[in-house]
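Colleague: Before I go back to the bench, could we go through this model together, one point at a time?

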Amino acid sequence: MKSRLYPLGARKEFLIMLIALGYSCAPVENINPQPTIVVTTEDPNINRKQLNGSVMGINPSQFNLVVYAKINEFWFTMHDKNFPVIPISDDLHWVCNLMINEGEEFAELTIFLIPNGYAPPIITGAKIIPVKMNLVAIAKQSIVLREDPK
């Protein structure tokens, strides 16, 4: 009789181990928040020199920002026309230099969170931002300041 119970007990232990293994291999939910771009400058048309903000949900050493501004129906690279990448500090804050001529106003600003090492396109008066930016960026923030007259 002992020989009959032993295999049953072994099967029971084996089933318990399989169930435990199944639970230990269950997918884990990603608890990191969705990457987010926050702008803290109230109105870029008033503060015409800098745009400030922060990001959430990322490792700052792995990402940068790029900002494009729509002025008179055309898009332009902000910060530095030759090197538009904006670094993110360790405390997740960033500063973008706004480059606008006297008398011009921003119609829209679009900020992209891009992987470190990606060289974003430099735009000097295009009708649209290249579609690739939407594919490369892991987050995007658009601010409409005024509607363009049509």
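Modeller: Helices and strands here are DSSP runs, helices being H or I over at least four residues and strands E over at least two, numbered from the N terminus. Please keep in mind throughout that this is a predicted model.

Colleague: In what order do the elements of the protein run from the N terminus on?

Modeller: The secondary structure comprises two helices and nine strands. Read from the N terminus on, these elements follow the order α-β-β-β-β-β-β-β-β-α-β.

Colleague: Is strand β7 largely enclosed by the rest of the structure or left open?

Modeller: A residue counts as buried when its relative accessible area is under 20%, and buried residues make up 34% of the 150 residues in the protein. In strand β7, residues 106–115, nine of the ten residues are buried, so this strand is largely enclosed by the rest of the structure.

Colleague: Which residue of β9 is the bridge partner of Leu109?

Modeller: β7 is joined to strand β3, residues 63–71, by nine bridges in an antiparallel arrangement, and within that pairing Ala69 has Leu109 of β7 as its bridge partner. β7 also pairs with strand β9, residues 139–144, again in the antiparallel sense, over six bridges. In β9, the residue bridged to Leu109 is Ile143.

Colleague: Which element gives the most residues to the largest nonpolar core?

Modeller: As a general rule, nonpolar side chains in soluble globular proteins tend to be buried together. The largest nonpolar core in this model has 22 residues, and those with the most contacts inside it are Leu65, Trp94 and Leu113. Two or more residues come from each of β2 (50–56), β3, β6 (93–97), β7 and β9. With five residues, the element that gives the most to this core is β3.

Colleague: What does Leu65 contact beyond its neighbours within four places in sequence, and how many residues does the second core have?

Modeller: Once those neighbours are left aside, the contacts of Leu65 include Ile37, Val55, Trp94, Ile111 and Leu113. A second, separate core includes Val66, Ile114, Ile123 and Met133, and its residues number eleven.

Colleague: How many residues apart in sequence are the parts that the pair Glu73 and Lys127 ties together?

Modeller: The structure holds one salt bridge, formed by Glu73 with Lys127, whose closest N and O atoms are 3.6 Å apart. Glu73 lies in the loop between β3 and β4 (74–77) and Lys127 in the loop between β8 (124–126) and α2 (132–136), so the pair ties together parts whose separation in sequence is 54 residues.

Colleague: Of that pair, which residue counts as exposed?

Modeller: The cut-off for exposed is over 50% relative accessible area, with partly exposed lying between that and the buried range. Glu73, at 33%, is therefore partly exposed. At 52% relative accessibility, the residue that counts as exposed is Lys127.

Colleague: Which strands stand at the edges of the open sheet of three strands?

Modeller: The order in this open sheet is β1-β2-β6, with antiparallel pairing. Each edge strand has a single partner strand, so one side of each is left without a neighbour in the sheet, and these strands are β1 (36–39) and β6.

Colleague: Which residue of β2 is the bridge partner of Thr36?

Modeller: β1 and β2 run antiparallel and are joined by four bridges. In β2, the bridge partner of Thr36 is Met56.

Methods:
Residues are numbered from 1 along each chain as its sequence is written. This is a predicted model: local features need pLDDT of at least 70, side-chain atom pairs count only at pLDDT 80 or more; totals for chains, interfaces and linings use all residues. Side-chain values use heavy atoms; hydrogens and water are left out. Buried means under 20% relative accessible area, exposed over 50%, partly exposed in between (1.4 Å probe, protein chains only). Two strands pair if DSSP finds at least two bridges between them. A nonpolar core is a set of buried Ala, Val, Leu, Ile, Met, Phe, Trp, Tyr and Cys residues joined through side-chain atoms within 4.5 Å. Contact means heavy atoms within 4.5 Å. A salt bridge is a side-chain nitrogen of Lys or Arg within 4 Å of a carboxyl oxygen of Asp or Glu.
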